[in-house]
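Reader: I'd like to learn how to read the place where two domains meet. Can we go through it together?
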There are 2 protein chains.
Amino acid sequence: MNSPTADLNREDLHASVSLPVMDTMNFLNEITHRYREAISFAPGRPYDGFFDVEQIFTYIRRYLDHLAARGDSPAHIRDAIFQYGPTGGQIRDLIAASLREDENIDVPAESIVVTLGCQEAMFLAIRALMAGRDDVLLLPSPCYVGITGAAHLLGVQIAAVHEREDGLSGDDVAAAVQEQVAAGRRPRAVYVNPDHANPSGVTMSLRARRDLLEVAARHDLLILEDSPYRLVSTGRRLPTIKTLDRDRRVVHLGSFSKTVFPGARVGFAVADQVVTDARGRTGLLADELVKIKSMLTVNTPSLSQAAIAGALLESGGRVTDLTEKTAAYYSDTMRATLDCLDRVFPLDVRERLGVSWNVPSGGFFLTLRVPFRADEAALARSAEEYGVIWTPMSYFYPQGGDDHGIRLSTSYLSPAEIEAGVSRLAEFVRSEIRRPGR
Amino acid sequence: MNSPTADLNREDLHASVSLPVMDTMNFLNEITHRYREAISFAPGRPYDGFFDVEQIFTYIRRYLDHLAARGDSPAHIRDAIFQYGPTGGQIRDLIAASLREDENIDVPAESIVVTLGCQEAMFLAIRALMAGRDDVLLLPSPCYVGITGAAHLLGVQIAAVHEREDGLSGDDVAAAVQEQVAAGRRPRAVYVNPDHANPSGVTMSLRARRDLLEVAARHDLLILEDSPYRLVSTGRRLPTIKTLDRDRRVVHLGSFSKTVFPGARVGFAVADQVVTDARGRTGLLADELVKIKSMLTVNTPSLSQAAIAGALLESGGRVTDLTEKTAAYYSDTMRATLDCLDRVFPLDVRERLGVSWNVPSGGFFLTLRVPFRADEAALARSAEEYGVIWTPMSYFYPQGGDDHGIRLSTSYLSPAEIEAGVSRLAEFVRSEIRRPGR
């Protein structure tokens, strides 16, 4: 048989693999790989200096001891590590307890679905809610790329809502709804990152949270709330939108990647909405998410759940008891970055140059505004000539946006790297401003 | 604010959550829950009697020692458990080595994507390949529900190809392709479970494997090969279709759930097809699957990969060295089930009654054919009156099929349970045959 090979053209593959954001992420990876000596403000990785290899054994052992103490049989304990588990998750009760302790979110364990990080939780929620071709998902602009990517995987229509300096505004969401409805589409849900958003660093005010709930109720939208940075930030925390929610209007999406450790990939969705079927039988939205999950990942690894459960048990069930040290670390690195920016661009200088930045109250990210195009060509010059890497803000606009923004991640660098990195960044910015023909 | 709650009707959710197979699986779960004393031939679970809780610590320690022995820094070793990992996976080299040792599949590590079990691997492959509205996925009938479910999640069109007693036939696949093309659709891939298929138990002959490759080449189809039971079966193994493949025609989908343990949820896709983009740059299909995975689960848990790697390292890199005991166990339970069936339905009796079954050479499943409707009502009578549970074969037909088949899973029961269970099953079958008005 002398058949041709089964090789492929990318145009013949699903459009999601050719998404601009996918290619731009590749570009960023290439740059990072090529300029290994550069200081990188690009990756939004958790700081790992506090991890200790022996912890993993302690966590798993702690969970096994807990099962034994509550009287589980040896066969059950063995299966809690080695066997398939329930699709909805085996540590839902512990997660429900931690949500009550940490967030004043009081939901039954059955309304929780344990997922592969927040990413799978987003995917499940979108798949369940975006049912028809006219259904639209509203996204802030700029926005976390994971939700935009998940929508594209499913061919779900999106509509971008400009994010203001204090986050998504209810009025803007209401206007977007009206525009979509006028175009014959049906807005079903709005995604929001209320605390120290990725990528902007912006936090919604209490008033903005209440406004969003009201607009969502008025237009019968669900709110997909994703807030990975709030429990690793110091200072006063505003209530989650789910905590304020009295109508089961919010599907709250969570993760232990930033609070415990990313290598377990354990997240969850809180979906306590009542769903009624054609025969009048009722269940929870969580039950529907479980069905979808069974066709995607079957169940979250028992081993991962055991490790996270062990960590929760060690801390008395409160995530906030686990994150004191890391929250202080992130607060210091954000503060250090802001101080360095103040030093390299004093008030009069930044005004003259047209450079500015926001001052996030926590989280991993801040936005630097510059008077030149912060595009891939600029990034390449920054990496090659100045040894500093950052992320173009334009990567994060779901439907396009201006390219005068830079995302700086402050979570992963040491104070010395921040100091040197911000100096290099200042030199790069000055050189771009001086650049002829920009 | 006195807004209505955000509760939902199931018709407003995506159609995948109302799939018949989802409701039928719920029915099966309910039955199993309600009749706890019944002997169940329903779950296709791996036998867990050989697991030992302390193994998990040994496996993880083994992997950490391996990293230390090859000279990784303490920070790198720590991150190999706790941090995010590469989206494609961190143990691709070990998996590539085991594929060479166990299966004579020789592919570069970069062509492998480590996934959340085989389920995510199927999802990634379907999402990448099924690009346009006219693209069709060919499925055997009956078929594993995971692939049908994944196709429905994505709204991908499917076409069922009748599975014969020796598996999928090339001629039937060719006929299905022609029928689809005539209807204006584009068949892109065919899914197949060549060894001891779930649900039927059927194994494709060597000839049938070669035929399928030839038909796939002729019609430019990719073959999605999923074979979870072959390395946990004794006796002579035919080569995988990927082993026979000279044209990169096969995307091979694998899992360590049956061979090592399910609680890690580690599987993989082998996607060594070359993909060329519009600018003429080439990469592998694996790279495209990685992009999709980044929007689905980000990466397979580092912790899970560490545990599986530890098991592979302990066995000298061969999965087959890990599965000797379990393969013998499954061989015994399959043999015991077949012997019991022979005893309760001797040749003359089975001919008179119109009862028959196939004799799988391995795996977890066999098909019992009965002369009455083996539907949910029959299952309810079987559970309530005879204390025995099984799965209606009708659950597994992607586009409908006859309802005179019963799937028996033999993997999870003890010899005593099999003996008692088959006796009860025989009584149930005889009572159904005598049942007035059937």
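Author: Sure, let's begin with a term: a polar contact is a pair of N or O atoms within 3.5 Å; within protein, one must be able to donate a hydrogen and the other to accept it, and residues adjacent in sequence count only if both atoms are side-chain atoms. This is a predicted model, where local features need pLDDT of at least 70, side-chain atom pairs count only at pLDDT 80 or more, and totals for chains, interfaces and linings use all residues. Residues are numbered from 1 along each chain as its sequence is written, chains are lettered from A and ligands numbered from 1 in the order in which they are written, and side-chain values use heavy atoms, with hydrogens and water left out.

Reader: How is chain A divided?

Author: Domain bounds come from an automatic or database domain assignment. Here chain A has domain 1 (13-42 + 324-434) and domain 2 (55-320).

Reader: How many residue pairs are in polar contact between domain 1 and domain 2 of chain A?

Author: Nine, with both residues at pLDDT 80 or more. Salt bridges (a side-chain nitrogen of Lys or Arg within 4 Å of a carboxyl oxygen of Asp or Glu) number zero between these two domains.

Reader: And what area is buried between domain 1 and domain 2 of chain A?

Author: The size of an interface is often given as the accessible area lost when the parts come together. Buried area uses a 1.4 Å probe and is summed over both parts. For domains 1 and 2 of chain A, that's about 2000 Å², with 62% from carbon and sulfur atoms. On the domain 1 side, Phe365(A), Phe396(A) and Pro398(A) lose the most area to domain 2, together 25% of what that side buries.

Notes. Buried area is the accessible area (1.4 Å probe) that two parts lose on being put together, summed over both.
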